[in-house]
Structures are given as structure tokens and as C-alpha cells.
Amino acid sequence: MKSLASSLVNRMTWAVLIIVVLVFLAIDIIIDNWIDTEFDNALTTKSNYLKTLIKVSPAGVEFDFAGEFMPEFTLPAKGEYFQLWQDGVVFERSESLEHFGQANLINVDLPINGRQFFDVILPDGRSGRAMVSAFEPQVPDKYQNVLSGGVAPMILTVALSEEELNHILIIIDSSLAMGLLLVILFMRWAVVKLIHRGLQPLNELNQALKNIDFQQTELQLPASFKAFIEIEPIKNELNKFIRINHKHLQNEKRITADIAHELKTPISELISLSEIYIRYPQDERIGVSYKQDVLAISLKMKDIVNNLLLLQKASSEGLQLSQTIIDIEVFIDKIVAELNAIRAGTLARVNIISELDGVNCRTDAFSLHTVLYNLIDNALFYSPQQSKVNIRLVEQKPRGNDNKSAIVITIENELLNSISEDDLERLTLPLFQTEKSRQHQNRHGLGLAIVDNIAQVNQYHFSFALVDSNRIAFTFSLPKITSSLTD
């Protein structure tokens, strides 16, 4: 498993290492070039000084050099060297060069006032650098008329050893290399410390997740964390996730208890009925109705189990959707007819108000049947016997960025008993029933939960609200519409 901290440390190390190496390399190159330039400037300075020692007079050209003032040109070993030519003939040689017999310094043809540098091997075997320059000796003003023809050009070569320069460069390069190594080690240590300290809020977040007490009424991460732009969205999403899952956990506990309660009642009835029948087998009053009572209780249990299975199917991926074109008005008429066969008088109570004008929808027939059947059945059951249940069908035109039309179905009915706002918010919870609804043994609080889940799976826009204190309206819309059954 990869470590986020190790990955950040390695990436930061490599990134900073490359930058530091480039910086040190640039510094080394700049220093080397500067030292080479200074060395060449030293050669130029010595050469220009030696040129000033050349004296021109009517008697000729002489080189006024005093070794006591420049002893580096007189040493027998590890000295410095110069050599002067005029008309291709050696005019003067340094005393240090005399110690090596007829050895000569480098000499090349150059234009007047030209100069050139060369890497050479000195007569004593050391590596060095030489500067060759061509010039015309300066004629004093008082001899300008006498020496009107000028003086023949001369070539001067000055050679110095590079050993000390190389030693300095080695010291500088070694110092830079040691400095680079120390910087890399310090940088690595600093990156590790900084990243581990920077990731500390994640460790605290992880520890807070471990310390959550799921027995609390309201779960959320502690608000004592320092607010970080990167951590706060994660914390908010985790709090949201924890609240949703805690809510689901509480719902599961409640549903489990409610299922046990719903099944416990018919099971207790079966047990009691069987015990009485076993104890009094000769009692005709018990024996005559026993089979019908057992069948009724069993059908009630079957109804509960079927609704629970449908609820589970509607809230999972097991619900298979098959899109078909449906005539809504005909579809609702068939459902009303089904309910009329079960509950007499349904046809007279249901009032369908349609503004569709031949518009049809494309959706899953099973889902639509389940939703409409439950909503109309609930409206009939929880409203006064002679009251009307209004079903309105309206085509909603595209609005804003939404380029799709929709069929809006609203089912409105009176209420036998008023519903509080708290109960209204919990109507779609599985097995939820208001206290006044629990007196109906054939109602188990699963219908609206099934409708809500199916609406989410099919992307129906499902909602409900109180029209006034004693009327409620359920509304949902079908997302796709076609104007022809053959479309």
C-alpha cells in the first residue's frame, strides 16, 4: 500500500534536489568563469606592464626590465615566463626561461594590437596559460621627427602557471559539493518534518473518526479542528456521510422493530386462536370460524411480507425498468376500476380532471401502476366515505434550461384525521404510522415508502403537502412525453 506522506516526501525531495543541483551547478560555472576571467586579466595586466618597459630612442630599442621588482620572472623553478620578438627574432627572454636552455614560448602571427590566449605546457612541465600580443613600441614625442619611419612591430608572450588556479577551483568545487550534500540532507530532513506536520490534521481527522460514539443522538466530527481549505470540504462531506448513515441505521433499527411488531400481532392471534381451538375443540362457535380466521390472518401476514419485499425491490437495483408508451387517462381508469372491485363506490368518488389532450408518456408500466395504485388507494381509505378524490392531469411545458415536457399528476383528498408537520415529514418512512392510523389493522405504513423509492428510481419528481388543515395533495411528474402512441 502506498503512503501519501512518503510519496509527498519523495516528490518534494526530487523537486527541491533538482532545483538545488541546478543552482549549485550555475554557481560553480559562474565562479569558474569568473576565476578564468580574472586569470586572463592578470595575464593582460602583466603583459601591458612589460610593454611599458620597452624604451625607443634614436640609438635603438631597449627593454628596461629590473628582475628585483618582478622576481617571479627570475625564479629557476615554478616561476613565470615572458619572451619578446621583433622581426621574427628573439628580442628578450625572461631570466626564468634561461634556466631551460633554448626553450621558447609560443609565438603566432597576429595583427597589430591583437592578442590571443592559449593553454600551454610551461618549460618546467607545469600546465599553464599564455597570452600572445602584437604591438608597436611607443615612440616618445621628442623622437617623432627623428624616427619618422616608425619602429618594427613586436610580439610579446607571457606565460603563467595554472596550478594555483586549479587548486583554488578544486577547493571551491569541493566546498560546493560538500555544501550541496549538506543542503540535500537538511532539505530531506526538513521536508520530512514539514510534510508530517502538514499532514497532522489528516491524522487528527482519522483519530476523530475512530473516536466517534455511535450511541450519541447526533453524530458529527468535533468542531475543534483548525479550519483548513483542503480539510474542511472533506470534514463536511464526512459529517454529511455520518449523519446520513446514522439516520439509515436508526431507520433500520426502527424498521426492524416495526416489522417485528407488525408480524408479532398476527402471529399472536394465530397462537391464541389455535390454543383456544385446541382447548375447546367441541365449541362450534370456534370451530366454524377457525379456518376463515386462520386464512384471514395468514393473508394479512402475506400482505405485510409482499409489501416489504416490494419495498426492498423498489430501493435496490433489482427493479427492472421497461419503458413503454402509456395513455395516462386510460391507465388511471383501469386502476380506478381495480379499486372499485375491492372497495365499492370508488368510481363515484374519483374525479379525474385531464388537460392532456391526447398526450401520452413513456415510462415503466409496473412502476407507474404501483405509484398510482398506492396513492389513489390511500386517498380513498384516509378520506371521508362520501368525499371526492380529485386527480388532475396537466402537461407541463419546458421551462428554463430544461427542454423536456412532463405530465404532472396531482391526487388531492380530504383527511379523516389532521396531520401534524412532524408526521407529514415522516410519511414516506417505512412502517411509519400516525397514532390515529394504527387502529387500521390492514394498514402497515409501507405504501408511501414504496412510492417514494420507485419515484427516485424512475426519476419522478414526487412531493406532497397540506393544501389546508384537512386536505392533502400528492404530486409527481413523469419525465418523458410523446405526442403519439406510435412514437
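## Two helices that cross

In which hand, left or right, does helix 1 pass helix 3? The crossing is right-handed. Keep in mind from the start that this is a predicted model.

Helix 1 covers residues 4-52, and helix 3 covers residues 163-198. Their axes come within 9 Å and cross at roughly 160 degrees. Because angles over 145 degrees count as roughly antiparallel, helix 1 is described as roughly antiparallel to helix 3. If you look at the residues of this contact, you will find 25 nonpolar ones, along with four polar and five charged.

## A residue of helix 3 and a distant partner

Leu176 is a good residue to look up in helix 3. Its relative accessibility is 17%, and Leu176 therefore counts as buried. In sequence, Leu176 and Asp28 are 148 residues apart. In space, the C-alpha atoms of Leu176 and Asp28 are 7.4 Å apart.

## Aromatic rings

Now for the aromatic side chains. A search through the whole structure turns up twelve aromatic pairs. One of them is formed by Phe186 and Trp189, with ring centres 6.0 Å apart and planes at 35 degrees, a tilted arrangement. Both residues belong to helix 3, and because they are three residues apart there, about one helical turn separates them. Are Phe186 and Trp189 buried or exposed? Both of these residues are exposed.

A second tilted pair joins Tyr460 and Phe476, whose ring centres are 5.7 Å apart with 40 degrees between the planes. Tyr460 sits in the loop between helix 11 (447-458) and strand 13 (463-468), while Phe476 belongs to strand 14 (residues 471-478), so this pair ties together parts that are 16 residues apart in sequence. Here the residues are buried: Tyr460 has a relative accessible area of 5%, and Phe476 has one of 1%. Elsewhere, four phenylalanines, Phe63, Phe65, Phe73 and Phe82, make up one aromatic cluster.

## A hairpin and its turn

Next, find strand 3 (81-86) and strand 4 (89-93). These strands run antiparallel and are joined by four bridges. Across the hairpin, Leu84 stands opposite Glu92 of strand 4. Two residues lie between the strands of this hairpin.

Asp87 lies in the loop that links strand 3 to strand 4. What is unusual about the backbone there? Most residues other than glycine have a negative phi. Asp87 is not a glycine, and yet its phi is positive, about 55 degrees. With a relative accessible area of 60%, Asp87 is exposed.

## Another positive phi

Asn113 offers a second example, with a positive phi near 65 degrees in a residue other than glycine. You can find Asn113 in the loop between helix 2 (95-98) and strand 5 (115-121). Its relative accessible area is 64%, which means that Asn113 is exposed.

## A sheet of five strands

How many strands make up the open sheet with the order 9-11-12-14-13? There are five, and their pairing is mixed. At the edges stand strand 9 (350-354) and strand 13, each with a single partner strand, so one side of each has no neighbour in the sheet. From one strand to the next, the twist averages 20 degrees.

Look more closely at strand 9 and strand 11 (residues 389-396), which pair in the parallel sense over five bridges. In this part of the sheet, Ser354 stands opposite Leu393 of strand 11.

Strand 12 (residues 406-414) holds Asn413. This residue is buried, with a relative accessible area of 2%. Asn413 and Arg471 are 58 residues apart in sequence, and their C-alpha atoms are 5.7 Å apart in space. Arg471 falls within strand 14, which spans residues 471-478.

Note on methods:
Residues are numbered from 1 along each chain as its sequence is written. This is a predicted model: local features need pLDDT of at least 70, side-chain atom pairs count only at pLDDT 80 or more; totals for chains, interfaces and linings use all residues. Side-chain values use heavy atoms; hydrogens and water are left out. Rings of Phe, Tyr and Trp (its six-membered ring) pair if their centres lie within 6.5 Å; planes under 30 degrees apart count as stacked, over 60 as edge-to-face and the rest as tilted. Buried means under 20% relative accessible area, exposed over 50%, partly exposed in between (1.4 Å probe, protein chains only). Axes are lines fitted to C-alpha atoms, for helices over the stretch in contact, and angles run from 0 to 180 degrees between N-to-C directions. Angles under 35 degrees count as roughly parallel, over 145 as roughly antiparallel, 65 to 115 as roughly perpendicular and the rest as oblique. A crossing is left-handed if the near helix is turned anticlockwise from the far one by less than a right angle, and right-handed if clockwise. Ala, Val, Leu, Ile, Met, Phe, Trp, Tyr, Cys and Pro count as nonpolar, Asp, Glu, Lys and Arg as charged, and the others, Gly among them, as polar. Two strands pair if DSSP finds at least two bridges between them.
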